[in-house]
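Q: Please take a close look at one part of this model: the aromatic rings, the charges beside them, and the contact between the chains around them. A connected account would help.

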2 protein chains.
Amino acid sequence: MKAITVVPLKAGSASLEEVAEPAPGEGDVLVETIAVGVCGTDAEIVSGDYGWAPPGRERLVLGHESLGRVVEAPQGSGLAVGDHVVCIVRRPDPVPCYACAAGQWDNCRNGQYTEHGIKSLDGFMRERYRTPADALVKVDAALGLCGVLLEPTTIVAKAWDDVDEIGNRAVWRPEKVLVTGAGPVGLLAALLARQRGLEVHVLDHLEGGAKSRLVERLGATYHTGSVADAVAAPDVILEGTGVPQLVVDAMRSVGSGGVVALLGVGSVGSQLGVDVGSLNRDMVLSNKAVVGSVNANRSHYQSAVTALNAADRDWLAALITRKLPLDRFSEALQHGPDDVKTVMQLSEP
Amino acid sequence: MKAITVVPLKAGSASLEEVAEPAPGEGDVLVETIAVGVCGTDAEIVSGDYGWAPPGRERLVLGHESLGRVVEAPQGSGLAVGDHVVCIVRRPDPVPCYACAAGQWDNCRNGQYTEHGIKSLDGFMRERYRTPADALVKVDAALGLCGVLLEPTTIVAKAWDDVDEIGNRAVWRPEKVLVTGAGPVGLLAALLARQRGLEVHVLDHLEGGAKSRLVERLGATYHTGSVADAVAAPDVILEGTGVPQLVVDAMRSVGSGGVVALLGVGSVGSQLGVDVGSLNRDMVLSNKAVVGSVNANRSHYQSAVTALNAADRDWLAALITRKLPLDRFSEALQHGPDDVKTVMQLSEP
């Protein structure tokens, strides 16, 4: 079968290849891939900056944002042929740490987790895969191709969980949210914020265009310019870009008792001049909190299912701005200003 | 009666003055001051960098870390003549925000709180004060002068509460703690960490001396040098200095899923070159959290009472390294390397 594979840490090694059919030992459930979303982590892996091949192998099958259809499932698995499913990206350690053992592999304490398409497990840019039933999450087939948005939605579901837990260390009534970056994660973070009834502002560097219209269709406000000018003292900032200046500005601009959730990973290695003393003083005197948030566990997949089911289908569909077959993968990482989510589409939903 | 007063925002204006006896309208309970601790906030106010006089007044009575003895208390107040008491520093707004209304004035959302000796309310460097009974916390008279350590202990009790709430957003089993700065807050933070059974490391810049002995008497380990060299990947860092490089190093060095609590306020206005992209990436991929923590509410005063009662009395007494009468206040801010806590002593405990 066909697959997009890459030699991790080797730039430009991504290619369309013939790979073996999934081995029965990989799991009881056989899934036919419908679509796989392409994200910044894939771009990092393709650039040779990140990624681990499975043990004893040179090449890794790319892709972690999956949507598939069950082809074979054992009795009692809770899955039936034809079900639409998403595979949980991170798997606990073989000898699990206490967080992995508790099903919280997103907070793995020893770094021994694996991740489909990223770390030591093949991803989903292939026609079929096998997995144990407990790695799969059912999504409503009525979502169609939009089911491929589940995995990025889990990322923001986890971030919102973190924000809630941290904000609620004291009595807290958040009203205003700022999201930085109108990419898929930013737009989905804004969706979940609107579903909570919050006043939502989204900051991006592009004037007008498709992203601003997507923000406005949510009932949120689109801004360009600086963090400080977008909205005064928001209770929550979801920082989705990883851009150093935005990260610092978010910490400065969040309101008293507010929470900044960091979701983006950007470029490293450049120095920014920061008045850390002033930033620290402000964080102390205003009880501000900042939290980095990565990955998601099953509970976040369930929250994300609820969020997608409650969302406007047309709005979700508009997030998928390009659909490419596997043999056009080389185009997938070319990102236009109005592109939100590019998906590799392998079969009809 | 005598008092140390200051004109806020006017450097060098602190002086010993005669002030009026407390007016009956200030509260039902009359308290005779035993001692008042001197801290970095007092130094900032004396330097003209901080502070607010009471409305309509030029001068503020300094001092917020109090220990006193009840002289008059109404029936039904829960207080009796002779009780040792500490006055809660922060008072809710006259028209309270939702946090102040819930008794969580330490997380006041609108900044309209007042603080004895700091913001719009006289402090305790005076022979007597009056206050409503609900602003007082009883401490065991057997603590003697060590009762004056209650207020700084409330600061670390709140910080530990924040750390617990934030760390426990996921399953969490902290083992190792690093405290930066072996001042009063750092040493009391280390005390509470040891009372929790944690492995505790304290970092300061001084080689040897009284502070290192105080750390060792707690069963903790004293370090000089860098944050990274003190202990690998601590689960918690309590940053007590506000020194910019230490703040950044704490964020970098805390372990996966760890929490940095910022407690110190230091100098502002200088730029530090920081690889924010790398710091952000690490915070995201390792689920790290940072929280600023200031002040304390009644629940933290109660936790601090419990902590002081459980502590070794000789160790607590050794934290009070200088006792000065009010007329020697000018010496109080001269800080020697072995000084931990200087107190102004007004009467015998």
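A: Start with a charge over a ring. Lys119(A) lies over the face of Trp52(A), 5.6 Å from the ring centre. Arg281(A) does the like across the chains: its partner is Tyr50(B), and the distance to the ring centre is 5.5 Å. This is a predicted model. The mean pLDDT of chain A is 96, and 100% of its residues reach 70 or more. The model scores are ipTM 0.97 and pTM 0.97.

Stay with Tyr50(B). Besides lying under Arg281(A), Tyr50(B) forms an aromatic pair with Trp52(B). The two ring centres are 5.1 Å apart. The planes meet at 75°. That is over 60 degrees, so the pair counts as edge-to-face. Burial separates the two partners. Tyr50(B) has 15% relative accessibility, under the 20% cut-off, so Tyr50(B) counts as buried. Trp52(B) has 37%, between the 20% and 50% cut-offs, and therefore counts as partly exposed.

Now a second pair in chain B. Phe124(B) and Tyr129(B) have ring centres 4.6 Å apart. Their planes stand at 55°, so this pair is tilted. Why tilted rather than edge-to-face? Because 55° is neither under 30 degrees nor over 60. Both partners are buried here: Phe124(B) is at 0% relative accessibility, and Tyr129(B) is at 1%. Over all chains, a search of the whole structure finds four aromatic pairs.

Back to Arg281(A), this time for the interface. The area buried between chain A and chain B is about 4800 Å². Carbon and sulfur atoms give 54% of that area. Three residues stand out on the chain A side: Tyr98(A), Arg109(A) and Arg281(A). Together they supply 14% of the area that chain A buries against chain B, more than any other three residues. Arg281(A) thus appears twice, over the face of Tyr50(B) and among these three.

The contact itself involves 55 residues of chain A and 55 residues of chain B. Polar terms come next. Between the chains there are 30 residue pairs in polar contact, both residues at pLDDT 80 or more. Salt bridges between chain A and chain B number four. In one salt bridge, the side chain of Asp162(B) meets that of Arg169(A), at 3.6 Å from N to O.

Terms used
Residues are numbered from 1 along each chain as its sequence is written. Chains are lettered from A and ligands numbered from 1 in the order in which they are written. Side-chain values use heavy atoms; hydrogens and water are left out. pLDDT is the predictor's confidence in each residue, from 0 to 100. Rings of Phe, Tyr and Trp (its six-membered ring) pair if their centres lie within 6.5 Å; planes under 30 degrees apart count as stacked, over 60 as edge-to-face and the rest as tilted. Buried means under 20% relative accessible area, exposed over 50%, partly exposed in between (1.4 Å probe, protein chains only). A charge sits over a ring if NZ of Lys or CZ of Arg is within 6 Å of the ring centre and within 35 degrees of the ring normal. Contact means heavy atoms within 4.5 Å. Buried area is the accessible area (1.4 Å probe) that two parts lose on being put together, summed over both. A polar contact is a pair of N or O atoms within 3.5 Å; within protein, one must be able to donate a hydrogen and the other to accept it, and residues adjacent in sequence count only if both atoms are side-chain atoms.
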